[in-house]
Amino acid sequence: MKLIVLLLLLCFVQLSATKIENKFAQSKYCIGCHKEQGEDWKTSLHSKSHLTKNSLYLKILQYIEKEKFIYKEIQSLRCGKCHNPRMDTTDIDFSYSLSKAYGIEDENSKKIDAILNNETNKEGISCIVCHNVDKINYKSDDSNKTINHKKYTLARGYEALTFGPNDVMVGPYKESFRTTHHKMKQASHFREDVNTLCFACHYDSKNKKKVPIYETGAEYELSKSSQKCVECHMGKYEKKIISPKVESKVKAVPRNTRRHLFAGVRNSDIVKDAIKVSVENKNKFLFITLENKTPHKVPTGFAGRELEVEVSYIKNEKIIQKTIKKLNTLYVDRRDNETIAYIATKLKSDTRLGTKEIRQYEIMNIPNATSVKINIWYRLIKESLIPILNIEDEVFLKKYPIYNKTLELKSKVK
């Protein structure tokens, strides 16, 4: 039965045709000159978009394999459109499915496994992925030359990207006489149109049932914001010499640079800045107000993330009552059981903080409580999905603190 389902589901998956020269194939060669940017990148989820570097990604692929009989290797090739857009061209046909089903290796399966596990692909979204993008491709019948995502349907991942010659690094600046190891090219998608590069992968996506998986770019569009993604996720401009160790007779000129953290909750305080929290104790009620200061929902992106507002009433240093509010999405299968977005039949609920939304929670104070503690946490994977996916990695088990405050209630509660 497993084999029949495989044959019905699979035809082939085609990947992008981009062969990378060895000297540009790994970030370690870039870090020799661009150490600060490389060290930042290592902390980002961009550097962990391969299944061998991200345990949550691997667990999701394994779950899909168990539920839908699609081998994780095949699924990772499909996801590789965005996760690993510099893979070599190959077709995945029935023979690969059969080799996995029966545990038999042949030359074709060995070749595909080698593509999946070579060092360039294991690095995920590395230097050569973004800085070698020559052009962003749009699919549209609209002749309007202005980039407008409401009129343009953007292809996803490698479908949206045209890569240039390996030795040409694309960025916000023109060729420099100090450049020794590669050429340089200036492009608008690193300057005024930088969001288009981000939206090549981060705009939106739906599963086979047309259920939305993520819609960060679409959320941004609805906000009508003019803010650039990099302003938050790469920080403010800093005047620096981009490659200070390069030896050249030409004097180095400090330029406007941004951090390459691609900031998230794991490596920055970005979520603390994304939400304004105010707390007021008034007329026997506790009012907690959350204001989303971003041009997209919070949480956004991967559909399994969660905000948790925890209110604990305390007496004699013991918690006597706890109230928890969760801001997340709930995806269900055809039996109405919770599942992951990628194979869900329905998005049953969405309690996330909307774009620019201001939301207030009103909680009645508990008699005899002497204080109340408010904690707001961010989870990279919602609590209810942890047992479903069998998450074990502490990075995804932990709760990341966003806000905490304790109010004395003794004079307020009768």
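## A tour that starts at K224

Select K224 to begin: this residue comes right after helix α11, and its phi is positive, near 60 degrees. Keep in mind while you click around that this is a predicted model.

**Stop 1: helix α11**

Now step back into the helix itself and select residues 216-223, which make up α11. How many of its eight residues are buried? Six of them are, so to speak, under cover, and the helix counts as mostly covered. The buried ones to highlight are T216, G217, A218, E219, Y220 and E221. To see what they pack against, add α10 (194-202) and β8 (212-214) to your selection.

**Stop 2: α10 against α11**

Leave α10 and α11 on screen and hide the rest. A pair of packed helices is described by two things, the angle between the axes and the distance between them. Here the angle is about 135 degrees and the axes are 8 Å apart. That angle makes α10 oblique to α11. For the side chains at this meeting point, show N195, F199 and H202 on α10, and T216, G217 and Y220 on α11.

**Stop 3: T216 close up**

Zoom in on T216, which lies in α11. Is T216 buried or exposed? It is buried, because its relative accessible area is 14%, and the cut-off for buried is under 20%. Next, draw a distance between the C-alpha atoms of T216 and H296: you should get 6.1 Å, although the two residues are 80 apart along the chain. Which residues does T216 contact once its neighbours within four places in sequence are left aside? Light up H202, Y203, H296, T300 and G301.

**Stop 4: α5 and α7**

Time for another helix pair: select 72-83 for α5 and 107-117 for α7. Their axes come within 11 Å and cross at roughly 55 degrees. The two helices are therefore oblique to each other, and α5 passes α7 in a left-handed crossing. Show sticks for E73, S76 and L77 on the α5 side and for I112, D113 and L116 on the α7 side, since these residues make the contact.

**Stop 5: a three-strand sheet**

Switch to cartoon and pick out β11, β12 and β18, which form an open, antiparallel sheet in that order. β11 (275-282) and β18 are the edge strands, each with a single partner strand, so one side of each has no neighbour in the sheet. On average, neighbouring strands here are turned by 15 degrees against each other, direction ignored.

Focus on β12 (residues 285-292) and β18, which run antiparallel and are joined by seven bridges. Two positions are handy for checking the register: F287 stands opposite E362 in β18, and L290 stands opposite R359 in β18.

Then color β18 (residues 358-364) by side-chain direction. Which residues point to the buried face? Those are R359, Y361 and I363. I358, Q360, E362 and M364 point to the other face and are not buried.

**Stop 6: a four-strand sheet**

Select β14, β13, β19 and β20, and you have an open sheet with its strands in that order and antiparallel pairing. The edges belong to β14 (318-327) and β20 (400-408); each has a single partner strand, so one side of each is left without a neighbour in the sheet. Neighbouring strands of this sheet are turned by 15 degrees against each other on average, ignoring direction.

For a look at the pairing inside the sheet, isolate residues 306-315 (β13) and 371-379 (β19), which pair in the antiparallel sense over nine bridges. One spot to label is I314, whose bridge partner in β19 is S371.

**Last stop: zoom out**

Bring the whole protein back. In total you are looking at 15 helices and 20 strands. What share of the 414 residues is buried? Buried residues make up 47%. Switch on a surface, and the accessible area comes to about 22,100 Å², with 52% of it belonging to carbon and sulfur atoms. If you plot a contact map, count the contacts with a separation of 6 or more: residues 24 or more positions apart account for 66% of them.

Terms used: Residues are numbered from 1 along each chain as its sequence is written. This is a predicted model: local features need pLDDT of at least 70, side-chain atom pairs count only at pLDDT 80 or more; totals for chains, interfaces and linings use all residues. Side-chain values use heavy atoms; hydrogens and water are left out. Two strands pair if DSSP finds at least two bridges between them. Axes are lines fitted to C-alpha atoms, for helices over the stretch in contact, and angles run from 0 to 180 degrees between N-to-C directions. Buried means under 20% relative accessible area, exposed over 50%, partly exposed in between (1.4 Å probe, protein chains only). Contact means heavy atoms within 4.5 Å. Accessible areas come from the Shrake-Rupley method with a 1.4 Å probe; for residues, only the protein chains shown count as cover. Angles under 35 degrees count as roughly parallel, over 145 as roughly antiparallel, 65 to 115 as roughly perpendicular and the rest as oblique. A crossing is left-handed if the near helix is turned anticlockwise from the far one by less than a right angle, and right-handed if clockwise.
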